[in-house]
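Work through the following exercises with the sequence and the coordinates open beside you, and try each task before reading its solution.

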Amino acid sequence: MIYSKAVMDHFYNPRNVGSIENADGVGEVGNAKCGDIMKMYLKIENEIITEVKFNTFGCGAAIATSSMATEMIKGKSIEEALKLTNRAVAEALDGLPSAKMHCSVLAEEAVKSAIADYYRKNGQEPPPMARLAECCCHACEQSAEN
């Protein structure tokens with residue numbers, strides 16, 4: 001498998017690794033078939049994501065997509081962060097092998113799960129955009145077969 005320089009950079013030098021104590025939103029997603037688990041922590045002030053951290057157990061692509069997703073939403077409004085897509089994460093990393101596209105889906109899901117948690121903690125129903133992404137690349141199923 002050949003990874004882009006951006007993927008390798010985010011794997012070897014991940015940004016925003018760790019956890020946030022008393023986070024305003026926490027999202028954890030995982031895929032038992034491929035073994036990747038991502039946990040995303042958000043600090044939100046006045047509807048702006050002021051701090052974001054992640055912990056990921058998984059392959060290099062899972063770590064790189066988590067790192068890139070945090071960079072893409074840091075300093076953004078909740079509304080902007082909800083527009084994050086797995087394709088945007090993959091494009092920002094100059095592409096991912098098709099067998100690893102599910103990692104970008106998990107990164108999107110982790111962000112949306114943390115935002116949904118933020119809404120629930122504040123007694124609000126999460127907006128429809130906070131629903132979890134669906135993996136359409138079938139890479140997860142292929143990984144399970146191998």
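**Exercise 1: the nonpolar core**

Task: In this predicted model, determine how many residues the largest nonpolar core has and which of them have the most contacts inside it.

Solution: The largest nonpolar core holds 37 residues, and those with the most contacts inside it are Met 40, Leu 42, Ile 73 and Ile 115. The next step is to ask which elements supply it: two or more residues each come from helix H1 (5-12), strand E2 (36-45), strand E3 (48-57), H2, helix H3 (78-81), helix H4 (86-92) and H5. Of these, H5 gives the most, with 11 residues. As background, nonpolar side chains in soluble globular proteins tend to be buried together. Finally, take Leu 42 as a sample residue and set aside its neighbours within four places in sequence; its contacts are then Ile 20, Ala 23, Asp 24, Gly 25, Ile 49, Glu 51, Val 52, Ile 73, Ala 114 and Ile 115.

**Exercise 2: two helix pairs that share H2**

Task: Classify the orientation of H2 against H5 and of H1 against H2, and list the residues through which H2 meets H5 and H1 meets H2.

Solution: Begin with helix H2 (residues 60-73) and helix H5 (residues 101-121), which pack at an angle of about 40 degrees with their axes 8 Å apart. Angles of 35 to 65 degrees fall outside both the roughly parallel and the roughly perpendicular classes, and H2 and H5 are therefore oblique to each other. Their crossing is right-handed. On the side of H2 the contact involves Ala 61, Ala 62, Thr 65, Ser 66, Ala 69 and Ile 73, which meet Cys 103, Ser 104, Ala 107 and Val 111 in H5. Sorted by class, the residues of this contact are seven nonpolar, three polar and no charged.

Turn now to H1 and H2, whose axes come within 8 Å and cross at roughly 90 degrees. That angle makes H1 roughly perpendicular to H2. Here H1 contributes Val 7, His 10 and Phe 11, while H2 contributes Gly 60, Ile 63, Ala 64, Ser 67, Met 68 and Glu 71. The contact of H1 with H2 has five nonpolar, three polar and one charged residues.

**Exercise 3: a threonine in H2**

Task: Decide whether Thr 70 is buried or exposed, and find which residues it touches when those up to four places away in sequence are not counted.

Solution: First place the residue, which is found in helix H2. Its relative accessible area is 0%, and because buried means under 20%, Thr 70 is buried. With residues up to four places away in sequence left out, Thr 70 touches Arg 15, Asn 16, Met 40, Val 52 and Phe 54. One of these, Met 40, is also among the residues with the most contacts inside the largest nonpolar core.

**Exercise 4: backbone angles in two loops**

Task: What is the phi of Asn 22 and of Glu 47, and where does each residue lie?

Solution: Recall that most residues other than glycine have a negative phi. Asn 22, although not a glycine, has a positive phi of about 55 degrees, and its place is in the loop between H1 and strand E1 (25-31). Asn 22 is exposed, with a relative accessible area of 62%. Glu 47, likewise not a glycine, has a positive phi of about 70 degrees and is found in the loop between E2 and E3. Glu 47 is partly exposed, with a relative accessible area of 40%.

Note on methods: Residues numbered from 1 in each chain as written. Predicted model: local features only at pLDDT ≥ 70, side-chain atom pairs only at ≥ 80, totals over all residues. Heavy atoms only, no water. Axes fitted to C-alpha atoms, helices over the stretch in contact; angles between N-to-C directions. Helix = DSSP H or I, 4+ residues; strand = E, 2+ residues; numbered from the N terminus. Parallel < 35°, antiparallel > 145°, perpendicular 65-115°, else oblique. Left-handed = near helix turned anticlockwise from the far one by under 90°. Contact = heavy atoms within 4.5 Å. Nonpolar A, V, L, I, M, F, W, Y, C, P; charged D, E, K, R; others polar. Core = buried A, V, L, I, M, F, W, Y, C linked by side-chain atoms within 4.5 Å. Buried < 20%, exposed > 50% of the residue type's maximum accessible area, 1.4 Å probe, protein only.
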